[in-house]
Amino acid sequence: KNMNLNHIAKKPFIDAFYQRPVMAHLLRTALWDCGAVFNGTPVKYPQLYAANLLSKNLTLFRFSGSRGVIRFDTELQRARNNQYNIAVQIIKDVKENGNHITELLSYSDLIQLAGYTAVEYCGGPSMIFRMGREDVETEGEASEALAIKEHDHENSALVSKFNQLNLAPMEFVALMGSYTLGFASDDNKTRKGRWTMNPYMFDNSYFKEVLLAHNSKYLKTEGDLNLLNDPETREWVEKYAEDQNLFFENYARAHVKVSEHGQLDNLMSEFDEENIVDGGYQEFRGLHWSAEEERAQLLKKIE
């Protein structure tokens, strides 16, 4: 192996981040698309739908995972936040003008790759990106995704999508940690418009601020504060506030899990299976994967 496809594919997004700090826009868009839920008889992708019983309302839905739904007007209107529109325009530009790797990727691949890149660029954990996702192709297909009707606070819609994914408490809380990045709206860059002091650094400060509850200087929504009301979720808030490495590890596992959901049969990776740890948290001999580590591995093989 003489090149790293992950890094080549990520480069156009890194270039976009140099021009404008839209990391959180792309991360939220990736997580939103992961939560696409279809209810009804599947037509084009019957093999990708699995019945899953939602514990809260006992309704049987079919989950499709990331399908590139967010790039269509119907879903963008449901999102009701211009940050998603900005992210979709960047993704479309990368598809058209990126490089020889990104032009081959599906929109759902690019959406998820953008989320991975945003986390890494801001100092968060590295995650192995596997490609091969299949998209919905038309506005009509995209409109069949269930609408999220809860928009009563700044992150209520995305929190509702997390709830639909039937995650374990440690996974749900870890994904909520994504709000360490960014602002609720591009129109409000004040303290009450962001969740943490530094909205461009991916770290565990979100959880420290959640534990302060109403004493925090920064934005706290009903969705954030609800993490403290359930003993199971509160336990993980406390653990992640105390141990950033634990947060990074569990975040990477949860993010990869929802990113690949519904597409597992389609995905492929340039990395050997033995080098993929816990569904994508990448390590070489106990260290986070990096280009330097890969070069060292290759040199070792040559020797």
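## Notes on a predicted helical model

1. A good place to begin is helix packing: Phe207, Lys208, Val210 and Leu211 of α9 touch Arg234, Val237, Glu238, Tyr240 and Ala241 of α11. Sorted by class, this contact between α9 and α11 holds six nonpolar, no polar and three charged residues. Please keep in mind while reading that the model is a predicted one.

2. Now the geometry of that pair. The axes of α9 and α11, the latter covering residues 231-242, lie 8 Å apart and make an angle of about 125°. That angle makes α9 oblique to α11. The handedness of the crossing between α9 and α11 is left-handed.

3. For the wider setting, the secondary structure of the chain amounts to 13 helices and six strands. Of the 303 residues in the chain, 55% are buried. Among contacts with a separation of 6 or more, 70% join residues 24 or more positions apart.

4. Next, the pair near the start of the numbering. Helix α1 (residues 5-19) and helix α5 (residues 107-121) cross at roughly 60°, and their axes come within 9 Å. This makes α1 oblique to α5. The crossing of α1 past α5 is right-handed. On the α1 side the contact is made by Ala9, Lys10, Phe13, Ile14, Phe17 and Tyr18, and on the α5 side by Leu110, Leu113, Ala114, Thr117, Ala118, Glu120 and Tyr121. By class, 10 nonpolar, one polar and two charged residues take part in the contact of α1 with α5. When you look along these helices, it helps to recall that an α-helix has 3.6 residues a turn, so residues three or four places apart point the same way.

5. Helix α2 deserves a look of its own. Is α2 mostly covered or mostly exposed? It is mostly covered, with 12 of its 12 residues buried. The buried residues are Met23, Ala24, His25, Leu26, Leu27, Arg28, Thr29, Ala30, Leu31, Trp32, Asp33 and Cys34, so you will find Arg28 and Asp33 among them, counted as buried because they fall under 20% relative accessible area. The length of α2 can be checked too: at 1.5 Å a residue, the 12 residues of this helix (residues 23-34) should span 16 Å, and the end C-alpha atoms are 17 Å apart, which agrees.

6. One partner of α2 is α12. The two helices pack at an angle of about 55°, and their axes are 9 Å apart. α2 and α12 are therefore oblique to each other. Leu27, Leu31 and Cys34 of α2 meet Tyr251, His255, Val258 and Ser259 of α12. By class, the contact of α2 with α12 has five nonpolar, two polar and no charged residues.

7. Staying with helix α12 (residues 244-260), Asn250 lies in it. Asn250 counts as buried because its relative accessibility is 7%, and the cut-off for buried is under 20%. Which residues does Asn250 touch, not counting those up to four places away in sequence? They are Met170, Ala174, Trp236 and Tyr240. Tyr240 is also one of the α11 residues that meet α9.

8. Helix α7 (residues 156-164) is largely enclosed by the rest of the structure, because eight of its nine residues are buried. The buried ones are Ser156, Ala157, Leu158, Val159, Ser160, Lys161, Phe162 and Gln164. After α7 comes Asn166, with a positive phi near 55°.

9. Some backbone angles to look at while you have the model open. Most residues other than glycine have a negative phi, and most peptide bonds are trans. Arg80 has a positive phi, near 55°, and is a residue other than glycine. Arg80 sits in the loop between α3 (73-79) and α4 (82-97). With 58% relative accessibility, Arg80 counts as exposed. Ala213 has a positive phi as well, near 50°, and its place is in the loop between α9 and α10.

10. Finally, Lys217. Where is Lys217 found? It is in the loop between α9 (205-212) and α10 (222-225). Leaving aside neighbours within four places in sequence, Lys217 is in contact with Arg191, Lys192 and Glu209. Lys217 and Arg191 are 26 residues apart in sequence, with a C-alpha to C-alpha distance of 6.6 Å.

Notes: Residues are numbered from 1 along each chain as its sequence is written. This is a predicted model: local features need pLDDT of at least 70, side-chain atom pairs count only at pLDDT 80 or more; totals for chains, interfaces and linings use all residues. Side-chain values use heavy atoms; hydrogens and water are left out. Helices (H or I, at least four residues) and strands (E, at least two) are DSSP runs, numbered from the N terminus. Contact means heavy atoms within 4.5 Å. The expected span of a helix is 1.5 Å times one less than its number of residues. Buried means under 20% relative accessible area, exposed over 50%, partly exposed in between (1.4 Å probe, protein chains only). Axes are lines fitted to C-alpha atoms, for helices over the stretch in contact, and angles run from 0 to 180 degrees between N-to-C directions. Angles under 35 degrees count as roughly parallel, over 145 as roughly antiparallel, 65 to 115 as roughly perpendicular and the rest as oblique. A crossing is left-handed if the near helix is turned anticlockwise from the far one by less than a right angle, and right-handed if clockwise. Ala, Val, Leu, Ile, Met, Phe, Trp, Tyr, Cys and Pro count as nonpolar, Asp, Glu, Lys and Arg as charged, and the others, Gly among them, as polar.
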